[in-house]
Amino acid sequence: MTDMDQLASIFADNSFKIDGINRLVLQPKSILRDFRTLNHGFLFVVRGEASMSVDGTIYELQPGSVFHAAPGMQLDSQVNGHSEYEYYLVFYSFDLLEKGDSIQEFDSHFKLDSGANPRVVELLVMLQEQLHAQGGIGKLRVKELFLSIMVQVFTGCSQREIGTSPSEKVIEQAISYIHGHYMNLLTLDELAELHGMSSKRFSYFFHKYTGFRPIDYVIHYRMERAGELLKSGSYLIRDVAISVGYTNPLYFSRIFKSKFGVSPSEYTHLN
């Protein structure tokens with residue numbers, strides 16, 4: 001079994017670059033034989049199904065499957081069923097010039113099953129659009145998008161390995177995710193899917209362990225962060241609102257007052 005945390009640590013601890021990304025759509029019954037890989041890469045299945053043989057090992061790929069290959073591997077694949085087979089290929093390379101070695105885990109072929117995740121598809125589309133962005137910020141954005149994809153994949157795989165017994169650890173991971181993304185638009189469906197549960201089950205266990213419904217917790221955490229910013233007295237209310245995920249300052253002020261009993265401006269003067 002592939003260790004998700006170990007794979008995540010390799011990307012976190014090593015320098016790498018994204019060399020390319022392609023979106024491909026194959027027709028039903030299409031066959032690809034004797035294809036030899038030239039790069040390290042991930043294949044993300046978006047729709048359809050296929051069987052792939054890699055150096056004699058057979059993989060069944062479907063939406064949510066993520067397949068990895070290293071250079072010099074022979075691939076044979078066939079599209080199954082009557083649907084088109086759509087996937088993205090993301091090529092990458094590690095900067096190992098200083099180390100003079102390779103990373104064993106990524107010199108092999110393996111499959112990850114993270115489950116179909118619309119957020120991964122959305123990020124892949126954005127990555128393809130941004131790949132050739134110029135300047136340091138553009139290049140940093142490309143890495144950010146790729147790492148966001150891999151976080152989604154590794155987290156999805158970890159939750160599927162846990163199976164049908166949700167635990168406090170799952171909710172702790174959900175809370176950690178919220179803490180890192182509270183300024184973004186978060187929905188119950190997205191949070192549930194990311195953690196491998198139905199919306200109803202995720203909401204039940206989240207409430208069981210925290211006393212909050214998931215979106216109520218998002219709001220609670222946003223207001224706590226807003227309060228911290230307002231205590232400094234050096235930020236405009238509209239800027240604080242935007243920084244915690246609200247584009248409408250009036251709406252932000254209503255929610256803030258419902259939590260703290262005073263408006264943001266009054267809260268600033270009290271602290």
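This report covers the overall build, the salt bridges, one enclosed strand and two buried residues of a predicted model.

## Overall build

The protein has ten helices and nine strands. Its C-alpha trace spans about 70 × 45 × 35 Å along the principal axes. The protein has 271 residues, and 40% of them count as buried. The exposed area is about 14,700 Å². Carbon and sulfur atoms supply 51% of that area.

Contacts reach far along the sequence. Among contacts with a separation of 6 or more, 73% are between residues 24 or more positions apart.

The protein carries 25 positive and 31 negative charges. The mean positions of the two sets are 7 Å apart.

## Salt bridges

The structure holds eight salt bridges. Three of them are listed here, with the N to O distance for each pair.

| Pair | N to O distance | Relative accessible area |
|---|---|---|
| Arg-23 and Glu-86 | 2.8 Å | Arg-23 42%, Glu-86 9% |
| Lys-111 and Asp-113 | 3.5 Å | Lys-111 24%, Asp-113 29% |
| Glu-144 and Arg-141 | 2.5 Å | Glu-144 42%, Arg-141 29% |

Take the pair of Arg-23 and Glu-86, whose side chains meet at 2.8 Å. Arg-23 sits in strand β1 (residues 16–26), while Glu-86 sits in strand β8 (residues 85–94). The two are 63 residues apart in sequence, so this salt bridge ties together separate parts of the chain. The surroundings of the partners can be read from their accessibility. Glu-86 is buried, at 9%. Arg-23 is partly exposed, at 42%.

The pair of Glu-144 and Arg-141 has a local setting. Both residues lie in helix α3 (residues 135–162). They are three residues apart there, so about one helical turn separates them. Glu-144 is partly exposed at 42% relative accessibility. Arg-141 is partly exposed too, with a relative accessible area of 29%.

Some salt bridges share partners. Through such sharing, Arg-23, Arg-47, Glu-84 and Glu-86 join into one network.

Lys-111 and Asp-113 also meet through their side chains, at 3.5 Å from N to O. Lys-111 is partly exposed, with 24% relative accessible area. Asp-113 is partly exposed as well, with 29%.

## Strand β4 and its partners

How much of strand β4 is buried? Five of its six residues (the strand covers residues 49–54) are buried, so β4 is largely enclosed by the rest of the structure.

Strand β4 pairs with strand β7 (residues 74–80) in the antiparallel sense, over six bridges. In this pairing, Ser-51 has Gln-78 of β7 as its bridge partner.

Strand β4 also pairs with strand β5 (residues 57–61), again antiparallel. Five bridges link β4 and β5. Here Ala-50 stands opposite Leu-61 of β5. Strands β4 and β5 form a hairpin with two residues between them. Asp-55 in this hairpin takes a positive phi near 50°.

## Two buried residues

Where does Pro-214 lie? Pro-214 belongs to helix α7 (residues 214–232). With a relative accessible area of 2%, Pro-214 is buried, because buried means under 20%. What does Pro-214 contact, leaving aside its neighbours within four places in sequence? The contacts are Leu-188, Leu-191, Phe-202, Ser-203 and Phe-206. Leu-89 is elsewhere: Pro-214 and Leu-89 are 34 Å apart in space, C-alpha to C-alpha. In sequence, 125 residues separate them.

Ser-263 is placed in the loop between α9 (249–260) and α10 (264–270). Is Ser-263 buried or exposed? At 17% relative accessible area, Ser-263 counts as buried. Not counting residues up to four places away in sequence, Ser-263 touches Phe-256 and Lys-257.

Technical notes:
Residues are numbered from 1 along each chain as its sequence is written. This is a predicted model: local features need pLDDT of at least 70, side-chain atom pairs count only at pLDDT 80 or more; totals for chains, interfaces and linings use all residues. Side-chain values use heavy atoms; hydrogens and water are left out. A salt bridge is a side-chain nitrogen of Lys or Arg within 4 Å of a carboxyl oxygen of Asp or Glu. Helices (H or I, at least four residues) and strands (E, at least two) are DSSP runs, numbered from the N terminus. Buried means under 20% relative accessible area, exposed over 50%, partly exposed in between (1.4 Å probe, protein chains only). Contact means heavy atoms within 4.5 Å. Accessible areas come from the Shrake-Rupley method with a 1.4 Å probe; for residues, only the protein chains shown count as cover. Lys and Arg count as positive and Asp and Glu as negative; His and the chain ends are not counted. The place of a charge is taken as NZ of Lys, CZ of Arg, CG of Asp or CD of Glu. Two strands pair if DSSP finds at least two bridges between them.
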